[in-house]
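Me: Could you take a close look at one part of this model with me and then follow the packing and the charged pairs outward from there? I would enjoy a connected walk through the details.

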Amino acid sequence: MAVTDAAIDRIKQMILAGELAPGSRLPKEADLAERLGLSRNSLREAVRALALINVLDVRQGDGTYVTSLEPRLLLDAMSFVVDFHQDDTVLQFFQVRRILEPAATAMAATRMTESEVAELRKILSELPADPSVEQLVANDLEFHQRIAAGSGNAVLCSLIESLSGPTTRARIWRGLTQENALEKTREQHAAICDAIAARQPEVARAWATVHIAGVEEWLRNALA
């Protein structure tokens with residue numbers, strides 16, 4: 001593992017130094033192994049590890065490339081890890097959401113275009129009058145993802161999306177067991193959307209905080 005770690009670090013340094021730019025192809029395995037002073041086996045292990053976290057893209061018959069290194073790709077690995085956390089840790093993810101999402105919502109209130117706000121309203125209008133839990137969860141996820149994207153910050157958006165794994169289960173629990181979950185969700189989503197449309201970032205931030213804190217409080221009681 002120490003040799004593999006060293007190989008990973010050397011490839012990382014090549015990327016950071018600009019020797020390997022996003023989208024560029026790595027030298028042939030034999031040439032790169034010789035250049036880095038590594039065995040080909042160690043290099044292969046390093047490439048596999050970096051491919052798992054979306055730093056490298058191994059294309060069969062074509063070679064190995066550096067990915068775009070966009071936040072969405074690099075943080076995708078975090079969502080995979082996040083899904084393994086147990087139910088009692090979900091509350092901690094909600095606490096992180098309570099910090100990040102209101103900030104993203106406030107930013108969206110100043111940065112979303114009129115057409116993007118119209119799309120946000122359309123998402124709310126597409127929720128059936130009597131939706132299934134699955135429809136409610138899907139609509140809720142899309143609503144929050146559009147706002148995160150509307151913040152204009154790709155890193156913030158990716159972080160928020162990576163937290164959706166564990167929170168999805170909590171939303172389902174809430175939909176199944178909490179009275180008036182649908183009505184509360186509709187009202188709070190509408191208030192958030194109205195604040196964004198009115199270009200009131202602090203009002204949007206406040207409603208987003210209320211919305212997430214409400215789910216968090218329910219979850220805290222459910223796990224008590």
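The part I have in mind is Leu56: which residues does Leu56 touch, not counting residues up to four places away in sequence?

Reply: Happy to. In this predicted model, Leu56 touches Leu26, Val47, Leu50, Ala51, Thr64, Tyr65, Val66 and Thr67, leaving aside residues up to four places away in sequence. Leu56 also belongs to the largest nonpolar core, which has 17 residues; together with Ile11, Leu36 and Leu43, Leu56 is among those that touch the most other members. Helix H1 (2-16), helix H2 (29-36) and helix H3 (40-52) each supply at least two residues of this core. Another core, of 15 residues, lies apart from it, and its members include Val117, Leu124, Ile147 and Cys193. As background, nonpolar side chains tend to be buried together in soluble globular proteins.

Cys193 leads on to helix H11 (residues 181-197), where Cys193 is one of the buried residues, along with Ala181, Leu182, Thr185, Gln188, His189, Ala191, Ile192, Ala195 and Ile196. The 17 residues of H11 reach 24 Å from the first C-alpha to the last, close to the 24 Å expected at 1.5 Å a residue. After H11 comes Arg199, which has a positive phi, near 60°.

Arg199 is also a good way into the charged pairs. Its side chain meets that of Glu114 in a salt bridge, at 3.1 Å from N to O. Because Glu114 lies in helix H7 (residues 114-125) and Arg199 in the loop between H11 and H12, the pair ties together parts that are 85 residues apart in sequence. The two partners differ in cover: Glu114 is exposed, with a relative accessible area of 57%, while Arg199 is at 30% and so counts as partly exposed.

A contrasting case sits within one helix. Glu142 forms a salt bridge with Arg146, with the closest N and O atoms 3.4 Å apart. These two are four residues apart in helix H8 (residues 133-150), so about one helical turn separates them. In an α-helix there are 3.6 residues a turn, so residues three or four places apart point the same way. Glu142 is partly exposed at 30% relative accessibility, and Arg146 is partly exposed at 33%.

Back towards the sequence around Leu56, Arg59 forms a salt bridge with Asp62, where the closest N and O atoms are 3.9 Å apart. That pair counts because the cut-off for a salt bridge is 4 Å. Arg59 is partly exposed, at 36% relative accessible area, and Asp62 is partly exposed too, at 30%. Some of the charged residues form a network instead: salt bridges link Arg98, Glu216, Glu217 and Arg220. The count comes to 15 salt bridges.

Two nonpolar residues round out the tour. Ile160, in helix H9 (residues 154-162), has 6% relative accessibility and therefore counts as buried. Beyond residues up to four places away in sequence, Ile160 touches Leu100, Glu101, Ala104 and Ala148. Ile160 and Ala148 are 12 residues apart in sequence, with their C-alpha atoms 7.0 Å apart. Trp207, found in helix H12 (residues 201-223), counts as partly exposed at 36% relative accessibility. With Val203 and Val210, Trp207 makes a nonpolar surface patch of about 240 Å².

Notes: Residues numbered from 1 in each chain as written. Predicted model: local features only at pLDDT ≥ 70, side-chain atom pairs only at ≥ 80, totals over all residues. Heavy atoms only, no water. Buried < 20%, exposed > 50% of the residue type's maximum accessible area, 1.4 Å probe, protein only. Contact = heavy atoms within 4.5 Å. Core = buried A, V, L, I, M, F, W, Y, C linked by side-chain atoms within 4.5 Å. Patch = residues over 30% accessible without salt bridge, like charges linked within 9 Å, V, L, I, M, F, W, Y side chains within 5 Å. Areas by Shrake-Rupley, 256 points an atom, 1.4 Å probe, with all protein chains shown as cover. Expected span 1.5 Å × (residues − 1).
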